[in-house]
Amino acid sequence: MEHLEAGALLAAWEAGLASDDGGRALLLHGLARPGSEAGELLSVPVGRRDAELFAVRRALFGARLEVRTDCAECGEEMEFAFDAGDMGTAGDVPGKPIRVEAGEWTVEFRLPTPADLAAVEAVPDDRARAALLARCVLRAERGGQDVADRPLPDHVQRRIAAASEELDPFADVTLNVACPACGKATRAELDIASYLWAELDAWARDTLLDVHLLATAYGWSEPEILALSPLRRRYYLELCADA
């Protein structure tokens with residue numbers, strides 16, 4: 001990802017400061033697909049987007065992630081390392097409707113996208129799943145008759161969920177972590193968009209501090225400083241500290 005140069009990263013960070021979580025995820029995804037319009041990015045299945053964000057993260061900061069969470073049983077704060085080296089690529093996500101059959105039911109649906117998640121964000125939690133399903137189901141038949149206007153039974157919904165997980169596995173990355181204090185397992189959801197944004201935010205602030213120090217010491221412009229390799233920039237900063 002040669003296009004991930006410091007200027008582009010700082011521009012994405014600057015734009016994201018005034019954005020919400022959805023807007024930041026969109027900006028980060030734009031780093032994986034330079035030149036793509038917002039509408040195109042919003043129509044990518046969520047799991048494919050997150051797989052591409054894992055690839056951006058690996059290119060910028062490596063494959064090893066440090067994850068923190070609290071034990072659901074005893075409240076102990078846990079920190080563990082997670083290797084995401086195998087999570088930087090997505091399989092062939094279907095571009096056409098997905099068909100599932102469950103008994104006398106036949107349903108065609110598409111995978112959820114960031115646009116779908118944004119559309120149901122304000123829906124109460126107890127109705128969000130149904131609202132998301134209503135957006136993604138394209139056709140539903142029972143015994144050959146169209147029943148798209150009826151709620152789908154639980155076993156059909158579970159069949160759809162299983163098919164979605166199989167075809168778009170990165171849409172929900174959940175880790176099972178054993179608590180070192182009580183030994184109980186805790187499920188920890190890994191939101192790569194939020195994780196990557198926090199890292200980009202820390203990197204941007206450190207980089208701008210470097211620019212300030214080098215500009216003050218040498219009178220160089222921001223583009224000149226950003227054009228330096230990280231190794232040379234660090235060496236010049238060490239010289240400034242020794243002066």
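**Reading pockets, a helix and a hairpin**

Biologist: The space in the second largest pocket comes to about 310 Å³; which residues lie nearest its centre?

Modeller: Rolling a probe the size of a water molecule over the atoms shows where empty space is left. This is a predicted model, in which local features need pLDDT of at least 70 and side-chain atom pairs pLDDT 80 or more, while totals for chains, interfaces and linings use all residues. Residues are numbered from 1 along each chain as its sequence is written, and side-chain values use heavy atoms, without hydrogens or water. A pocket is an open set of points on a 1 Å grid where a 1.4 Å probe fits, with protein on both sides within 12 Å along at least five of seven lines, and its lining residues have an atom within 4 Å of a point; volume is the space filled by probe spheres on the points, joined across faces, edges and corners. Here A6, W203, T207, P230 and R233 lie nearest the centre, among 16 lining residues, and α1 (6-16), α4, α8 and α10 (230-242) each supply at least two of that lining (helices are DSSP runs of H or I, at least four residues, and strands runs of E, at least two).

Biologist: How much space lies in the largest pocket, and how do its lining residues divide?

Modeller: The largest pocket holds about 1600 Å³, and of its 47 lining residues V46, L117, L132, A171 and D172 are closest to the centre. Its lining divides into 26 nonpolar residues, six polar and 15 charged, where Asp, Glu, Lys and Arg count as charged, Ala, Val, Leu, Ile, Met, Phe, Trp, Tyr, Cys and Pro as nonpolar, and the others as polar. Elements that each supply at least two lining residues include α4 (46-61) and α8 (192-218).

Biologist: Why is α4 largely enclosed by the rest of the structure?

Modeller: Of the 16 residues of α4, 12 are buried (under 20% relative accessible area, 1.4 Å probe, protein chains only), so α4 is largely enclosed. The buried residues include V46, R48, D50, F54 and R57, and the helix is followed by G62, whose phi is positive, near 95 degrees.

Biologist: Which residues of strand β2 are on its covered face, and which on its uncovered one?

Modeller: In a regular strand the side chains alternate between the two faces of the sheet. In β2 (77-83), M78, F80 and F82 form the covered face, whereas E77, E79, A81 and D83 form the uncovered one. Strand β2 pairs with β1 in the antiparallel sense over seven bridges (pairing needs at least two DSSP bridges), and R64 stands opposite D83. Six residues lie between the strands of this hairpin, in which G75 has a positive phi near 85 degrees.

Technical notes:
Buried means under 20% relative accessible area, exposed over 50%, partly exposed in between (1.4 Å probe, protein chains only).
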